[in-house]
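Trainee: Could you show me how to read cavities and surface patches in a protein model?
Mentor: Happily, let's look at one together.

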Amino acid sequence: MDSNEAWDAENGIVSDSSNEPKIIQTAHSLSSSLLRKKSDVALGLNIRSLLVRRILKNLQDVILGTKICALFVAIPFAIVAEYHNFGRAWVFALSLIGLAPLAERVSFLTEQIAYYTGSTVGGLLNATCGNATELIIAIFALHQGKIAVLKYSLLGSILSNLLLVLGSSLFCGGLANMSEEQKFDRNQADVNILLLFLGVLCHALPLFTQHSEDAAGTAFSASSILLLSRVNSIVLLVAYIAYLFFQLKTHRQLFDSEEEPDDNCEDGRAIIGFWSAFSWLVGMTVVIALLSEYIVGTIEAASISWGIPISFLSIILLPIVGNAAEHAGAIIFAYKNKLDISLAVALGSATQISIFVVPLCVIVAWIMHIKMDLSLSILETASFAVSVLVVAFTLQDGSSHYMKGGVLLFFYTVIATSLLVLPYKTDNDDQANLIGSGLISSVGFAGA
């Protein structure tokens with residue numbers, strides 16, 4: 001057995017074609033794969049130590065295997081800026097940049113693990129890890145009691161996928177394929193749209209309850225709204241489980257991609273072993289958690305330093321940078337006239353945030369004895385509802401052109417503008433923290 005075979009055997013890569021792990025290709029993994037590459041730098045070829053060669057080869061495949069590997073440099077700079085007090089706004093910006101390659105690499109590592117776990121478990125991993133960055137940021141915001149920032153960031157992920165990503169995909173795809181009408185399969189889109197409408201209903205009902213009165217003219221209490229939100233969250237999580245069963249078992253043909261494996265697969269095999277991928281995934285998750293803590297802890301300071309409302313940073317800037325790799329992939333596939341993949345990425349991510357990440361945060365807050373409900377402001381709820389409605393109308397006929405994408409981008413621009421010019425509304429706890437740190441007195445847009 002030569003050194004390469006020993007390396008493969010230790011990492012669980014089976015050479016026997018009859019035992020080769022099945023390739024797991026989903027829309028999310030295909031979208032991220034467009035930013036992957038085989039590194040031009042060959043590490044450790046002349047080193048005699050097998051162990052050192054293994055480590056360097058692994059480093060080459062994981063760190064240098066993405067076209068945006070240069071952004072990894074922002075991670076140590078963010079840590080240095082945090083510990084040497086270079087400025088909270090710098091920590092926020094560097095942490096945000098560092099999240100972009102990490103999010104793409106988590107998708108890659110999850111896909112590598114999926115080669116060894118089988119199609120069902122692999123599909124489940126891809127589905128649940130698709131929005132790992134948003135979930136980790138939400139958990140840290142919840143832990144620090146910044147409920148408003150948490151809600152803003154998750155709402156921003158939904159709006160970004162529905163309007164910006166989908167709009168850019170349809171617009172670029174339409175311009176690149178003006179000579180032919182772009183078609184897509186409506187079946188998958190219809191399922192996601194229905195689940196998004198369920199999410200809209202579960203968010204809107206607490207808001208309507210908050211502004212309504214019973215027969216005696218008495219307003220409903222905060223405890224009633226909180227109870228309704230928790231019940232709705234349980235319903236949404238059950239709907240998500242049903243969606244996973246639908247996606248991975250009974251109707252998986254609607255979600256499986258027919259694309260060829262990407263360049264990171266050699267002869268249909270994973271390029272790194274199971275334990276290597278698992279170790280890298282754990283390590284990168286820890287780094288994502290560290291950067292997420294920096295982002296949540298410095299977002300107010302960045303808002304003041306740049307003169308930009310926290311609502312704009314959370315809803316607009318954070319989702320764009322955090323998922324830049326996946327979003328870019330969706331646009332490229334639309335440019336190549338593969339709208340089914342673009343739609344699966346945009347709608348799938350929005351659906352997962354709406355019916356899984358948001359209700360999960362409510363349940364986790366319940367366990368932590370934190371009062372978090374599903375109620376959004378009228379502006380936020382209206383933006384969510386209108387976004388889902390306009391996307392449903394856009395996709396109703398199974399065809400697309402650049403004008404449809406342009407209209408979605410106009411919707412996103414209007415919402416972003418409103419967030420930029422309207423006051424930022426904090427929770428009472430958030431506002432108390434800002435007052436205590438002297439932040440509110442410095443800004444005019446921190447409202448009650």
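Mentor: We will go through the cavities and then a patch on the surface. This is a predicted model, where local features need pLDDT of at least 70, side-chain atom pairs count only at pLDDT 80 or more, and totals for chains, interfaces and linings use all residues. Residues are numbered from 1 along each chain as its sequence is written, and side-chain values use heavy atoms, with hydrogens and water left out.

Trainee: How many cavities of 30 Å³ or more does the structure hold?
Mentor: Rolling a probe the size of a water molecule over the atoms shows where empty space is left. The structure holds 5 such cavities.

Trainee: Which residues line the second largest cavity?
Mentor: Among them are K151, H203, D373 and F384. Helix 8, residues 147-176, gives the largest share of that lining, with 4 residues.

Trainee: And which residues form the nonpolar patch on the surface?
Mentor: L175, M178, Y402, M403 and F410 form that patch. Helix 16, residues 402-421, supplies its largest share, 3 residues.

Trainee: Why does Y402 count as partly exposed?
Mentor: Buried means under 20% relative accessible area, exposed means over 50%, and partly exposed lies in between (1.4 Å probe, protein chains only). Y402 counts as partly exposed because its relative accessibility is 35%. Y402 sits in helix 16.

Trainee: What share of the protein's residues is buried?
Mentor: Of the 448 residues, 52% are buried.

Note on methods. Patch = residues over 30% accessible without salt bridge, like charges linked within 9 Å, V, L, I, M, F, W, Y side chains within 5 Å. Areas by Shrake-Rupley, 256 points an atom, 1.4 Å probe, with all protein chains shown as cover. Salt bridge = Lys/Arg side-chain N within 4 Å of Asp/Glu carboxyl O. Helix = DSSP H or I, 4+ residues; strand = E, 2+ residues; numbered from the N terminus. 1 Å grid on protein atoms, 1.4 Å probe; cavity = no way out; pocket = protein on both sides within 12 Å on 5 of 7 lines; lining within 4 Å. Points joined across faces, edges and corners; volume = space filled by probe spheres on them.
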